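Q: I've got a model open and I'd like to learn how to read it. Can we go through it together?

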Amino acid sequence: MPKADAVFEGGGVKGIALVGALQAFEEAGFEWENVAGTSAGAITAALVAVGYKAHEVKDIMEKRINFSKFMDSSGIEKLPKIGPIIDLITGQGMFKGDYFLGLMRELIEEKKKNKHVTFKDLLEPKHPEDSDVDYETKYKYKLRVIASDITGKRMLTLPQDIDTLGGDPDDLEVATAVRMSMSIPFFFKPVRFGEGAHRNKKHWIVDGGMLSNFPIWLFDSSGEGAPEWPTIGFLLWEAGSGQPQYQKIDGLISMAKGIVETLSGAIDRMTLREIDLDRVVKIPTRDIAGTDFNLTDEIREWLYNSGYEAAKEFLSTWTFDEYRRKRTGVAA
């Protein structure tokens, strides 16, 4: 079976479309070597990394996930008009994110038969062609997750970068890393982390989409020569992507939403090169909001089918030989 690395863009509930795309690639015989993502992309990547297949994830979405429970407020949020503002100011986010964290732990435990799955459980063997540096920084773990450390003002590529906060990459819980990556600023409470020498300096970790919502570069080798297998990117491509979009701002909540949407993906999409687009599956998502957790069953099904059809179209013309030729040219 053909091997490939996969990188999934973040996009909140629009991540349903990623599952449809995965289904098409699995039908084509692809096996994923390394996977990575941000926010919703991190959720998808984590489920793939622990062993879930696309049809299993689709079944989970249809039968077990209540997206409205993602909005697990403290109770204050239910107060008319002022509730969300109070929760935002006092709790650093309108929703706790506890339901999501519990759900991720439950799903990972069911597949790995372990209540506390860490990145040590996702270690990968070193391939002969990998340099020591590439292996340690890129390929050591099957899963890579992007998050943003707003205390340290830096991007975190997890699990490796957790050592800068006093943690051990092997000991970082997979579900916690994904919870960090999907902590949409103002919407979900940040994850606070600090261990070891840094235990008195808590770092606030939020959505990785602030700094890199689509890290397509993550598994690119630093060496020269043709890659042994491709990196495929899965991009949630709504109408007008890359073009300025007007959004009315009329208060704190809408301003927070505008800040998040401006940050998420803006830099990544500006810097996507033509050579990168040749390895990207662009999935239409219309104008669906990433934080619309009240999607109808019809919209969920449409998103899934959109991902499936976009992947099928991509695979109808894409070849690994052409991919290797272009990537070799880039290295040269």
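Q: Let's start with one residue: is Thr44 buried or exposed?
A: Keep in mind that this is a predicted model. For burial, look at the relative accessible area: under 20% counts as buried. Thr44 has 8%, so it is buried.

Q: Where does Thr44 sit, and which residues does Thr44 touch?
A: Thr44 belongs to helix α2. Leaving out residues up to four places away in sequence, Thr44 touches Phe8, Gly15, Leu18 and Leu22.

Q: How do I read the packing of α2 and helix α7?
A: Take the angle and the distance between the axes together. Helix α2 (residues 40-49) and helix α7 (residues 174-181) pack at an angle of about 160°, and their axes are 8 Å apart. Angles over 145 degrees count as roughly antiparallel, so α2 is roughly antiparallel to α7. The crossing of α2 with α7 is right-handed.

Q: Which residues meet where α2 and α7 pack?
A: From α2 come Ala42, Ile43 and Ala46, which meet Val174, Val178 and Ser181 of α7. By type, the residues of this contact are 5 nonpolar, 1 polar and no charged.

Q: How many residues of α7 are buried?
A: For a whole helix, count the buried residues along it. In α7, 8 of the 8 residues are buried, so the helix is largely enclosed by the rest of the structure. The buried residues of α7 include Arg179, as well as Thr176 and Met180.

Q: Now strands. What does the burial count say about strand β8?
A: The approach is the one we used for the helix. Of the 5 residues of β8 (residues 203-207), 4 are buried, so β8 is largely enclosed by the rest of the structure.

Q: Which strands pair with β8, and in what sense?
A: Look for the bridges between strands. Strand β4 (residues 143-149) pairs with β8 in the antiparallel sense over 3 bridges. Strand β7 (residues 191-193) also runs antiparallel to β8, and 3 bridges join them. To find your place on screen, start from Ala147, which stands opposite Asp207 in β8. On the β7 side, Val191 has Ile205 of β8 as its bridge partner.

Q: What should I know about side chains in a strand?
A: In a regular strand the side chains alternate between the two faces of the sheet.

Q: What about the backbone: where is there a cis peptide bond?
A: Check omega for this one. The bond joining Leu158 and Pro159 is cis, with omega of about 15°. Pro159 is placed in the loop between β5 (154-158) and α7.

Q: Which residues have a positive phi without being glycine?
A: Two to click on are Lys113 and Lys153. Lys113 has a positive phi of about 55°, while phi of Lys153 is near 55°. You'll find Lys113 in the loop between α5 (98-112) and α6 (132-139), and Lys153 in the loop between β4 and β5.

Q: Are Lys113 and Lys153 buried or exposed?
A: Exposed means over 50% relative accessible area. Lys113 comes out at 72%, so it is exposed. Lys153 is exposed too, at 73%.

Q: Last one: how do I describe the whole protein?
A: Count the elements, then look at burial and contacts. The protein has 12 helices and 10 strands. Of its 332 residues, 52% are buried. Among contacts with a separation of 6 or more, 75% are between residues 24 or more positions apart.

Note on methods: Residues numbered from 1 in each chain as written. Predicted model: local features only at pLDDT ≥ 70, side-chain atom pairs only at ≥ 80, totals over all residues. Heavy atoms only, no water. Buried < 20%, exposed > 50% of the residue type's maximum accessible area, 1.4 Å probe, protein only. Pairing = 2+ DSSP bridges. Axes fitted to C-alpha atoms, helices over the stretch in contact; angles between N-to-C directions. Parallel < 35°, antiparallel > 145°, perpendicular 65-115°, else oblique. Left-handed = near helix turned anticlockwise from the far one by under 90°. Contact = heavy atoms within 4.5 Å. Nonpolar A, V, L, I, M, F, W, Y, C, P; charged D, E, K, R; others polar.
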